[in-house]
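Q: I should like to learn how to read the features of a protein model. May we go through them one at a time?

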Amino acid sequence: MSSAAEQEALQSGPRGAVNGVAAAVNGTSTESRAAPAAARVPRSLPVWPGAPTPLGARFRVGPDGVAGTNFALWAGGAEAVELCLFDADDVETRSPLTELTHEIWHGFVPGVLPGQRYGYRVHGRWDPWTGARWNPAKLLLDPYARAVDGDFATYGLPPEVYGHVRDWPQQQVADTVRDDRDSAPYVPKGVVVHDDAPDDEWADDRRPKTPWADSVIYEVHVRGFTKLHPGIPEELRGTYAGLAHPAAIDHLVRLGVTAVELLPVHQFAHEDHLLQRGLRNYWGYNSIGYFAPHAAYAASGTRGEQVGEFKRMVRALHEAGIEVILDVVYNHTAEAGELGPMFSLKGIDNRGYYRLQPSDARRYADYTGCGNTLQVVQPHVLRLITDSLRYWVTEMGVDGFRFDLAAALARSFHDVDMLSPFLAVIAQDPVLRRVKLIAEPWDVGSGGYQVGAFPPLWTEWNDHYRDAVRDFWRGALPDVRDLGYRLSGSSDLYAWGGRRPYASVNFVTAHDGFTLRDLVSYERKHNEANGEGNRDGSNDNRSWNCGAEGESADERVTELRRRQLRNLLTTLLLSTGVPMLVAGDEMGRTQGGSNNAYCQDNEVSWVDWGLLEEPGWRALCDLTSRLIALRHRHPVLRRRAFFSGRAHSADGLRDLAWFTARGTEMTEGDWYAPTATLGMYLSGRDIPGRDARGEPVVDDSFLAVLHAADRAGSFVLPGAPWARSYEVVVDTSLEEQGASPGTVLRADSAVMMAARSVLLLRVREEAAGGGG
């Protein structure tokens, strides 16, 4: 919180302060009142020595109780740094930072208060052949800026924002020719933000703290989830405030998810090639500000107000029992390769921040497919990342992170190394080791595929699960060996080093690829609207269109597709591990066959809430909610330890058993034989672990039967010692779940499975006595 000295200083501070700034900040958080417009900056400013820490622009009380802002920038190898302040008319005042401590340029500027816009100009050698690309003509964004104001041109990046002459006739050497035109009129500026949140704002007892095993993740785009929601006021749609609105939160609560995983909300930039085609980067995997909430998602303003709006969103979600996980992109930035623009790090110290090719420092080592890779082994880069992560936890309230292309962060000097500095720092950090950590365990470089290799504390997106489930339901699995592992927690990947089943984040779809509805409606990608000749996006979709490409009026096709959706969702939510859903999949959202909608900031990507008015899609949403509720009620579906497959009592009942359609236990030969039917028995007896009171965890037992054949077939229900009778809980052959569930079936009897369906049965009566 603001100290008494800060409050007094803000009231009686220098006459150069912005009119109204002191009153706005005095006694009131800028996140609860609109931040002021930027100051009209005097033409000359005193710069006092200040301090080298913390990095960034931090408002505080300086010597003699004078209010101002301390600026500190790491710029290794630079020859000089100028602080650039902008007034309300964009008139720039430059002041050199003359203090240098351990490669950090710093100074305290009295009278600079929250709301002030700023940037840096960094001087040094222009020698691209050695990786040196300093160019003081380019205004640079502070890597530690907590808010960003402004955007880029609508129809393409102007040539002024490039450090080199972008349009040089000889393109093969264009990046070596320095461009001396001023970029300041064309680039966003950092904003000084005053944070006076109480120290216990995000204390543990104020957070949901959902255990990993109990988590259900919902991947959400802030803008796309709320843009078309009829219950959200129009002026709030597409914003943090929109996601915090009761209409949005009510859907999350009814669905039963425990966490939202937000697609990137760090400040990001749009690629030039998209802007030139009238498109924009929608997903946001093009970060340029690791401390700043993306300003375009703020309804309240961009002069610092976005910070408070984001916090209020987190607060509202926490009050509803929902955690907030951020999808973060620390592997690369929006500055791309040597022919990319100069926004920030490239002009501060290109050689210090980015991996350059050892044999040609003019070029970048690209393990991300985006032109550059951050040099995470450098202490100052590692500090930037970990400072950013801690900031989002301690001051913005988030509960965890999903790391895009995490293998790139785990590289030492070349190879992926699970003892790398990044992973070692995370493991010992007292803040970060306590939050949820999710790896996308691959990158595009050699040896970058690392599924199952990340150390304890980490969970991983498990694409083995995605592929096996997709292949089973489209009839492309040669046998069910892989499926058995995936349904039971992927012990082949994660049963080492103390890892648990919840190390596997199970998913069938993600933002990247087909939606669930498109997965059963298209066999080919349809990305023509991206303007890349349909060359972009994966060709390996493992999809099946159920007999017709795209939307179909054939009732048999549409009915089969909806049944396949029910099969996929039921499989996902019954599997051991942590399920992840994509927003809108529960109501049949479609992207029209696009499997790479990264640049479609329109109805292609936005959630269509009108789908819930259609009975069929509403029924799918209801089934999803019912399955999540079932998962929350039954610990046997949320195991904290891997199955042993061994008998735990004299009757021979094991915690996990697999059955053929004949009702016999699977033999080794059965696992290798082609089959479309698999029974999975989950015993609720003697579940490992104890409840909060130290009592044994005992639950119902279940039998799930997955039948992927294209025609009906019988399945013999296992008898002793497994059960005497079963009760139907879910039958995916039924669109409405009210008819069959509740039906009691006798053990040892044959039940007819509809073509392509799942039957979930609860053990109603155990053969050997005991609970059921």
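Q: At which residues does UniProt place the feature "domain: Glycosyl hydrolase family 13 catalytic"?
A: A record can serve as a starting point for reading a model. Here the model is a predicted one, and the unreviewed UniProt entry places that domain at residues 219-631. Over this stretch the chain is 34% helix and 12% strand, and the C-alpha atoms at its two ends are 18 Å apart.

Q: Which residues have the most contacts inside the largest nonpolar core?
A: A nonpolar core is a set of buried residues joined through their side-chain atoms. The largest one in this model has 177 residues, and Phe401 and Phe403 have the most contacts inside it. There is also a second, separate core of 19 residues, which includes Phe715, Leu717, Tyr726 and Ala747.

Q: What does Phe403 touch, not counting residues up to four places away in sequence?
A: Its partners include Val328, Tyr330, Leu389, Leu409 and Phe422. Among the others are Leu437, Ile438, Ala439, Glu440 and Trp458.

Q: Which residues of strand S24 point one way, and which the other way?
A: One reads a strand by following its side chains in turn. In S24 (residues 656-659), Leu656 and Trp658 point one way, while Ala657 and Phe659 point the other way; all of them are buried. S24 runs antiparallel to strand S25 (residues 677-682), and 4 bridges join the two. Opposite Leu656 stands Leu682 of S25.

Q: In what order do the strands of the open sheet of 5 strands lie?
A: The order is S4-S3-S7-S11-S10, and the pairing is antiparallel. Strand S4 (92-97) and strand S10 (148-149) each have a single partner strand, so they stand at the edges, and one side of each is left without a neighbour in the sheet. As for the partner of S4, strand S3 (residues 80-86) pairs with S4 in the antiparallel sense over 6 bridges. One residue pair can be named: Phe86 has Glu92 in S4 as its bridge partner.

Q: Where is Val444 found, and does Val444 count as buried or exposed?
A: The loop between strand S20 (436-439) and strand S21 (458-462) holds Val444. A residue counts as exposed when its relative accessible area is over 50%. Val444 counts as exposed because its relative accessibility is 55%.

Q: With which residues is Val444 in contact, leaving aside its neighbours within four places in sequence?
A: Val444 is in contact with Asp366, Tyr367, Thr368 and Gly369. Separation can also be read in two ways: Val444 and Trp283 are 161 residues apart in sequence, and 19 Å apart in space from C-alpha to C-alpha.

Technical notes:
Residues numbered from 1 in each chain as written. Predicted model: local features only at pLDDT ≥ 70, side-chain atom pairs only at ≥ 80, totals over all residues. Heavy atoms only, no water. UniProt positions renumbered as here; feature names shortened; annotations may be inferred. Core = buried A, V, L, I, M, F, W, Y, C linked by side-chain atoms within 4.5 Å. Buried < 20%, exposed > 50% of the residue type's maximum accessible area, 1.4 Å probe, protein only. Contact = heavy atoms within 4.5 Å. Pairing = 2+ DSSP bridges.
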